[in-house]
Amino acid sequence: MKRSSIILISILSIVALYLIWYSVSPLFLNKTVNEEAPLISIDSTKEEVISYIGSFSGADSFHQVEGSASVVPTEGKKYLRLENFKSTNGPDLRVYLSRDIEASDYISLGELKGNIGNQNYEIPSNVDLQKYKYALIWCEQFSVLFGHAELSSPVGLK
């Protein structure tokens with residue numbers, strides 16, 4: 001074999017190994033986050049404090065998500081709060097608010113900060129939570145749902 005062929009094969013092997021590591025490594029690495037809950041405005045009514053809540057379900061036996069999601073208003077802003085959260089890790093995981101679990105119409109709240117722990121995501125002020133009623137953990141790179149929580153008003157506060 002020529003020396004240039006050996007060098008080319010070596011370079012291609014290194015690139016292939018890097019791509020495999022990039023795709024697979026998040027499955028074995030955990031990142032824990034423990035953010036404090038947003039401070040609730042003193043002026044908030046009971047309906048504003050607990051406006052929407054839901055529990056996560058995994059998408060399948062491989063993509064598992066558990067914990068709760070709630071909407072917390074504070075000082076003119078709203079946050080999606082994930083508590084007791086735990087997810088199978090993966091590449092390029094995002095937090096979406098969506099009209100359905102297929103993410104055909106969604107708003108991205110950003111990258112998942114960690115696959116374990118309590119975390120907050122600011123919700124844009126123009127989002128209608130009666131329409132975007134699903135919190136999704138979504139792998140953007142491969143368009144795969146990891147899990148979802150249906151956000152609904154707690155009983156007695158509708």
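Two residues are taken to be in contact when heavy atoms lie within 4.5 Å. On that basis, in this predicted model, Gly 114 touches Lys 31, Val 33, Phe 85 and Gln 119, once its neighbours within four places in sequence are set aside. Gly 114 itself sits in the loop that links strand S6 (106-111) to strand S7 (116-123). Loop or not, Gly 114 is counted as buried, because its relative accessibility comes out at 4% and the cut-off for buried is under 20%. Ser 87 offers a further reference point: 27 residues separate it from Gly 114 along the chain, and the C-alpha to C-alpha distance is 8.7 Å.

Turning to the sheet, nine strands make up an open arrangement with mixed pairing, running S1-S7-S4-S3-S2-S9-S8-S5-S6. Strand S1 (32-34) and S6 are the edge strands, each pairing on one side only. Ignoring direction, neighbouring strands in this sheet are turned by 30° against each other on average. Strands of a sheet pair through backbone hydrogen bonds, parallel or antiparallel. For S5 (residues 93-98) and S8 (residues 134-139), the pairing is antiparallel and spans six bridges. Within it, Leu 93 has Cys 139 of S8 as its bridge partner.

Leu 93 also turns up in the largest pocket, where it is among the residues nearest the centre, along with Asn 89, Gly 90, Leu 112 and Lys 113. The lining totals 13 residues, and these split into three nonpolar, five polar and five charged. As for volume, the largest pocket holds about 210 Å³ of space.

Notes
Residues numbered from 1 in each chain as written. Predicted model: local features only at pLDDT ≥ 70, side-chain atom pairs only at ≥ 80, totals over all residues. Heavy atoms only, no water. Helix = DSSP H or I, 4+ residues; strand = E, 2+ residues; numbered from the N terminus. Buried < 20%, exposed > 50% of the residue type's maximum accessible area, 1.4 Å probe, protein only. Pairing = 2+ DSSP bridges. Axes fitted to C-alpha atoms, helices over the stretch in contact; angles between N-to-C directions. 1 Å grid on protein atoms, 1.4 Å probe; cavity = no way out; pocket = protein on both sides within 12 Å on 5 of 7 lines; lining within 4 Å. Points joined across faces, edges and corners; volume = space filled by probe spheres on them. Nonpolar A, V, L, I, M, F, W, Y, C, P; charged D, E, K, R; others polar.
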